[in-house]
Amino acid sequence: MPELPEVETIRRGLERNLSGATIVAVDVREPRLRRVVDRRALGALVGRRIGSIGRRAKYLLVDVGDGLVWLMHLGMSGRLLLVPEDEPAAEHEHVRVDFDGPLTLRYRDPRRFGWMRVARREELDELAGLGPEPLERRFAGARLHEWLRGTRRDIKAALLDQRVVAGIGNIYANEILFLAGVRPTRRCHRVRRSELDAIARATRRVLREAVARRGTSFSDYFDSDGIPGTFQDVLAVFDRAGEPCRTCATPIKRRPQGGRSSFYCPRCQS
Ligand SMILES: [Zn+2]
């Protein structure tokens with residue numbers, strides 16, 4: 001599932017290739033994504049020019065002029081690929097957008113949990129209530145302290161809560177907690193303030209490195225040029241159950257937590 005580093009990598013690829021391009025055709029082949037795509041609203045993109053391409057949490061926000069934003073979310077398995085216009089449609093290709101240049105944008109999504117829509121920026125209720133961007137300066141231990149003080153849920157669930165911090169999913173939550181030396185099952189009210197500071201620092205460090213490595217690819221994530229990321233090569237704990245900790249050689253443990261797998265080093269995260 002694409003998290004902040006993967007979406008940011010895709011954003012950069014789209015910006016590099018599409019900034020300033022004019023949309024000449026939109027074809028919604030399958031509107032039934034997580035929400036039904038409004039064909040008419042998307043079709044109204046024709047003739048519009050791509051301005052800045054931003055990101056908020058895991059949302060891509062394409063400025064198309066007059067205050068309108070083309071919002072996209074990749075859900076679990078969505079992919080945005082830039083391919084030559086004569087490339088035939090692939091399986092699960094639900095939306096195709098053509099530009100006044102040689103590349104077309106294809107939205108492919110086998111599980112169809114992603115979606116897209118066009119709306120005025122102030123109408124984007126998806127963005128209301130999202131927590132701070134973890135790569136921004138204002139995301140710090142103080143923010144975590146403010147939100148988590150007195151709560152008894154576990155720290156990993158808190159990191160996955162998009163209202164606390166935006167854009168983190170299961171892979172990076174595990175990696176962040178390893179780097180901070182905090183076990184995923186610790187209850188928030190028992191996590192010390194100094195540990196929250198360490199978690200905030202680890203968050204920035206892990207996400208920055210993951211963006212530099214263009215995200216994590218297991219089987220289904222590729223950027224808009226079809227290139228996999230390389231952060232999977234340096235994962236400390238995620239998907240490494242039974243393998244030696246890179247710091248202390250203790251076997252990494254895996255346990256179910258909140259419907260997902262948590263990975264941790266029982267020694268480094270005691
Ligand atoms: Zn260890």
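This is a short tour of the structure, from the whole chain down to single residues.

**Whole chain.** Start with everything shown. The model is predicted. Its C-alpha atoms fill a box of roughly 55 × 35 × 30 Å along the principal axes. The radius of gyration is 20 Å, and a compact globule of 270 residues would have one near 18 Å, so the two agree. Switch to a cartoon view and look for 6 helices and 10 strands. Colour by accessibility next: 53% of the 270 residues count as buried. Now turn to contacts with a separation of 6 or more; residues 24 or more positions apart account for 62% of them.

**Helix H1.** Select residues 4-18, which form H1. From first C-alpha to last, the 15 residues of H1 reach 20 Å. That is close to the 21 Å expected at 1.5 Å a residue. Is H1 enclosed or open? Because 11 of its 15 residues are buried, H1 is largely enclosed by the rest of the structure. Show side chains for the buried set. Among them are the charged residues Glu6, Glu8 and Arg11, alongside Val7, Ile10, Leu14 and Leu18. While you look down the axis, keep the helix repeat in mind: with 3.6 residues a turn, residues three or four places apart point the same way. Then step just past the end of H1 to Gly20, where phi is positive, about 90°.

**Glu93.** Jump to strand E6, residues 93-99, and select Glu93. Buried or exposed? Glu93 has a relative accessible area of 5%, under the 20% cut-off, so Glu93 is buried. Which side chains make polar contacts with Glu93? Arg106 does, at 3.0 Å, and Arg108 does, at 2.7 Å. Expand the selection to neighbours of Glu93, leaving out residues up to four places away in sequence. You should pick up Arg29, Arg106, Tyr107 and Arg108.

**Zinc site.** Finish at the zinc ion. Select Cys245, Cys248, Cys265 and Cys268; their SG atoms coordinate the zinc ion at 2.2 to 2.4 Å. Along the chain, these donors follow the spacing C-x2-C-x16-C-x2-C. What is the arrangement of the 4 donor atoms? The angles they subtend run from 99 to 112°, so the arrangement is tetrahedral. Turn on the surface to compare two of the ligands. Cys265 has 0% relative accessibility and counts as buried. Cys268, at 26%, counts as partly exposed.

Notes
Residues numbered from 1 in each chain as written. Predicted model: local features only at pLDDT ≥ 70, side-chain atom pairs only at ≥ 80, totals over all residues. Heavy atoms only, no water. Helix = DSSP H or I, 4+ residues; strand = E, 2+ residues; numbered from the N terminus. Buried < 20%, exposed > 50% of the residue type's maximum accessible area, 1.4 Å probe, protein only. Polar contact = N/O pair within 3.5 Å; in protein donor to acceptor, adjacent residues only side chain to side chain. Contact = heavy atoms within 4.5 Å. Donors = N, O, S within 2.8 Å, 3.2 Å for Na, K, Ca; no water. Tetrahedral: all angles 85-135°; square planar, octahedral: opposite > 155°, others 65-115°. Expected span 1.5 Å × (residues − 1). Rg over C-alpha atoms; globule rule 2.2 N^0.38 Å.
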